[in-house]
Amino acid sequence: HALIVVNIIKHCLQDQSIGVAIINLLRDLEIFKGLGDGELRKLARLFTQKLFRPGEKVFGTDDSGHEAYVVMRGQIDIQLEENAAPIATLGQGQVFGELSFLDGGKRGAMAVAKQASILLVMQRGQFFELTQREPHLGLAVMRNIALELGARLRRTNTTLSTRQASTSVSEMRGDLIEGSTR
């Protein structure tokens, strides 16, 4: 019986240390900014861990989105199409899938494990149940997600504007060069 008790205690301590690691990871994420340890603990309970092998698909384009992900270990490629070059590679502490998680819409891209990866996964339904019980917590997380998505949209707009401007300059150079050879 003593061995069984030791194993149960060891298992509980192991679970507790994993819980502390998850809380420490969440504390550093922008979407959980401003939350206290008690609130982070409540959110940490919503996450499950999933292991993905290299090349394994986390989700596909047009899949329904009921989960948000945090990279605990490894790297995830975000691709617009199968076998296409990644538009982003995400690593430890980065969040993805939150747009579809919020609105329940279809995924706009696919996510594939670039290497063996451990992801924390939060289910939309469980999160919304928590927000019903604790509206202030839900509001803080939703606000932070909105700010993060807004920042990404602004960066994308800047990148597209820069590309469009450089394309226009290249076209003008081409026109000038072609015009001088006529």
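This dialogue reads the nonpolar cores and two helices of a predicted model.

User: How do I read a nonpolar core, and which residues touch the most other members of the largest one here?

Analyst: A nonpolar core is a set of buried residues such as Leu, Val and Phe, joined through side-chain atoms within 4.5 Å. The largest core here has 25 residues. Leu-26, Phe-32, Leu-43, Met-122 and Val-141 touch the most other members.

User: Which elements give two or more residues to this core?

Analyst: The helices are α1 (2-27), α2 (37-44), α4 (124-133) and α5 (135-180). The strands are β3 (67-73) and β8 (117-123). The largest share comes from α1, with 4 residues. There is also a second, separate core of 14 residues. Phe-52, Val-58, Tyr-69 and Ala-109 are among them.

User: What is Leu-43 in contact with, leaving aside its neighbours within four places in sequence?

Analyst: Leu-43 is in contact with Phe-32, Leu-35 and Met-122. Phe-127, Leu-130, Leu-137 and Val-141 complete the list.

User: Now the helices. Which residues of α2 are buried, and where do they lie around the axis?

Analyst: Buried means under 20% relative accessible area. In α2, that applies to Glu-39, Leu-40, Leu-43 and Ala-44. Seen down the axis, these buried residues fall within an arc of 140 degrees, so they line one face of α2.

User: Which residues of α4 are buried, and which exposed residues does the face turned away carry?

Analyst: Phe-127, Leu-130 and Thr-131 are the buried residues of α4. They cover an arc of only 100 degrees around the axis, which puts them on the same side of α4. The face turned away from that buried side carries the exposed residues Glu-129, Gln-132 and Arg-133.

Note on methods:
Residues numbered from 1 in each chain as written. Predicted model: local features only at pLDDT ≥ 70, side-chain atom pairs only at ≥ 80, totals over all residues. Heavy atoms only, no water. Buried < 20%, exposed > 50% of the residue type's maximum accessible area, 1.4 Å probe, protein only. Contact = heavy atoms within 4.5 Å. Arc of directions from axis to C-beta.
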